[in-house]
Amino acid sequence: MERASFSPGRSFLKSLLGTVLLLTSASSAIGQSKARTGSAPQARKQPTQPHNPQIARLVSEIDARNIERTIRKLVSFGTRNTLSEQNDPSRGIGAARDWLYGEFEKIGAASGGRLTIEKQAFEQPKAARVPQPTMLTNIIATLKGTQAESVNRVYVVSGHYDSMCTSPTDVKCDAPGANDDASGTAAVLEMARVMSKYKFDATIVFMTVPGEEQGLLGSTHFAEEAKKNSMDIEAMFTNDIIGSSVGGNGKRDAHTVRVFSEGVPSNETQTEAMTRRSVGGENDSASRQLARFIKETGERYVAGMKVWMIYRRDRFGRGGDHQPFLERGYAAVRFTEPNEDYHHQHQNVRVENGIQYGDLPQFDDFNYIADVARVNAAALAALALAPARPKNLMVNTGLSNDTELKWDANRELDLAGYEIVWRDTTEPVWTHVQSIGNVNTYSMKGMSKDNYFFGVRAIDKEGNRSPVSYPRPMLRARPAANPEQPPSPN
């Protein structure tokens, strides 16, 4: 009887709920309509992007067994100290160099000549960690892009093949370097093996370098040569210490990789700094946009993996091979395991007080390294298949509650158009998106640049999206006496 007595009330509530839902749906539709004209920022969240079958296939082909074989082979050379033997076929940096070159050559042969291999040798002068002039050799494998409009757009992924004991100049001790950085080197080699079977619009460079432990020497040489030759490097990844899922703190995490990205660009000029302080953007460098792209793409294609964005150039007070690229104005990030174990970094191999020291392969997790390589490969493939990020994006600085954006038109023949993205100023990632068609200027009506961060990305006809570009202020005319003064905050 009690249930029967309540049924009319439930029917009424159900009817009332239906009316509320109908009104909510109508309100949402109105909101979405407003979003298309540039208002109602809450109306359209970031859509789930479709899977690209090519990216899904290549990610699945990365094999942890190949990574393990590479790491154990590199460890077998005893030491890979940059200052060690150059001509011994079985021990030292020279043996590692020649073996890696041979492996890349095999991959190149299997690619039908699309992957080309070279040795970039140079003499490093005497330096703090280089007691005498020493020959160093970068191994570079270039997978040339297939689209004329994109072939000169380059993405670089690297690992360093040198290693060290406690002292960076001790060339006689065993320095297995299984994690630091045979892990990153093995990941790069495996990516080259898999990705060289596929075609990409833009060019991908797979690189292994020496001299990292002596001061980022190999990467600095490559970055400097790239800058001199006006190479259009759109992004650079370095993989360094991606080998272990267990940290010195005892935590096991086989499902997270840290991606370090700087906020304020390393090559920022004084004028650019003045502008940034006036209009913001400390969290929107090209490297931060790259990290967001990696997180979105890597987590979409590698099930169970989390990309942990770290808002630093590198670990606290430390550096890596992405740094020379940052200093020359290229977007670059570092991949590293979430919890490091310092007993297994830069240590002479020994047992002390029952603790095993040394960077030995038994402390590597080869399946974890394979997953990190998959995150790398997914992001690289997505970058190289997509259009370039929009160039010269600017935002009008006039006093207005509308936000006007303009940029240079992309040159890709398969370009479909652009999307405006935005987020609240406290959000770490882009939260809203608006498709705007194939135009190169757009006004977000009723949305003030004071209240949101905006960006623009390009999209092609297959749905491949570029990283986001963040706008610079469109400076108004200024008196000649004050040409560098940023827009007034008043």
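This section describes the fold of the protein, from its overall composition to individual residues.

The structure is a predicted model. It comprises 10 helices and 17 strands. Of the 490 residues in the protein, 55% are buried. Among contacts with a sequence separation of 6 or more, 75% join residues 24 or more positions apart. The surface exposed by the protein amounts to about 21,800 Å², and carbon and sulfur atoms supply 51% of this area.

In general, the strands of a sheet pair through backbone hydrogen bonds, in either a parallel or an antiparallel manner. One open sheet in the model is formed by 8 strands, arranged in the order 1-2-4-3-5-8-6-7, and its pairing is mixed. Strand 1 (115–124) and strand 7 (306–310) are the edge strands, each of which pairs on one side only. On average, neighbouring strands of this sheet are turned by 25° against each other, direction ignored. At one end of the order, strand 6 and strand 7 are parallel and share 5 bridges. Within this pair, Arg 258 has Trp 308 of strand 7 as its bridge partner. Helix 5 packs on the sheet, where it touches strand 2 (134–143), strand 3, strand 4 (203–209) and strand 5. The direction of helix 5 makes about 150° with that of strand 4. Helix 6 lies across strand 1, strand 2, strand 3, strand 4 and strand 5, and runs at about 110° to strand 1.

Another open sheet contains 3 strands in the order 14-13-16, paired in the antiparallel sense. Its edges are strand 14 (432–437) and strand 16 (452–460), each pairing on one side only. The twist from one strand to the next averages 25°. Strand 13 (residues 415–424) is joined to strand 16 by 9 bridges, and the two run antiparallel. Tyr 418 has Ala 458 as its bridge partner in strand 16.

Antiparallel pairing is also found between strand 12 (residues 403–408) and strand 15, which are joined by 4 bridges. Here Glu 404 stands opposite Ser 443 of strand 15. The side chains along strand 15 (residues 441–444) alternate between two faces. Tyr 442 and Met 444 point to one face and are buried, whereas Thr 441 and Ser 443 point to the other and are not.

Helices also pack against one another. The axes of helix 3 (residues 64–75) and helix 4 (residues 93–110) come within 10 Å and cross at roughly 150°. Angles over 145 degrees count as roughly antiparallel, and helix 3 and helix 4 are therefore roughly antiparallel to each other. Thr 70, Lys 73 and Leu 74 of helix 3 make the contact with Ala 96, Trp 99 and Leu 100 of helix 4. By class, this contact involves 4 nonpolar, 1 polar and 1 charged residues.

Two loop residues illustrate burial outside helices and strands. Ser 261 is located in the loop between strand 6 (256–260) and helix 7 (270–279). Its relative accessible area is 0%, so Ser 261 is buried. Beyond residues up to four places away in sequence, Ser 261 touches Ser 287, Arg 288, Ala 291, Ile 310, Tyr 311, Arg 312, Arg 313 and Val 333. Asn 464 occupies the loop between strand 16 and strand 17 (472–474). Because its relative accessibility is 8%, Asn 464 counts as buried. Apart from neighbours within four places in sequence, Asn 464 is in contact with Asn 52, Leu 385, Ala 386, Pro 387, Ala 458 and Ile 459. The C-alpha atoms of Asn 464 and Gln 49 are separated by 9.0 Å, although these residues are 415 residues apart along the chain.

Certain backbone features complete the description. Most residues other than glycine have a negative phi, and most peptide bonds are trans. Ser 230, which is not a glycine, has a positive phi of about 55°. This residue lies in the loop between helix 6 (217–228) and strand 5 (232–239), and its relative accessible area of 63% makes Ser 230 exposed. Asn 392 likewise is not a glycine and has a positive phi of about 55°. Asn 392 belongs to strand 11 (residues 391–396) and, at 42% relative accessibility, counts as partly exposed. The peptide bond from Asp 180 to Asp 181 is cis, with omega near 5°. Asp 181 is found in the loop between strand 3 (153–160) and helix 5 (182–195).

Note on methods. Residues numbered from 1 in each chain as written. Predicted model: local features only at pLDDT ≥ 70, side-chain atom pairs only at ≥ 80, totals over all residues. Heavy atoms only, no water. Pairing = 2+ DSSP bridges. Axes fitted to C-alpha atoms, helices over the stretch in contact; angles between N-to-C directions. Parallel < 35°, antiparallel > 145°, perpendicular 65-115°, else oblique. Contact = heavy atoms within 4.5 Å. Nonpolar A, V, L, I, M, F, W, Y, C, P; charged D, E, K, R; others polar. Buried < 20%, exposed > 50% of the residue type's maximum accessible area, 1.4 Å probe, protein only. Areas by Shrake-Rupley, 256 points an atom, 1.4 Å probe, with all protein chains shown as cover.
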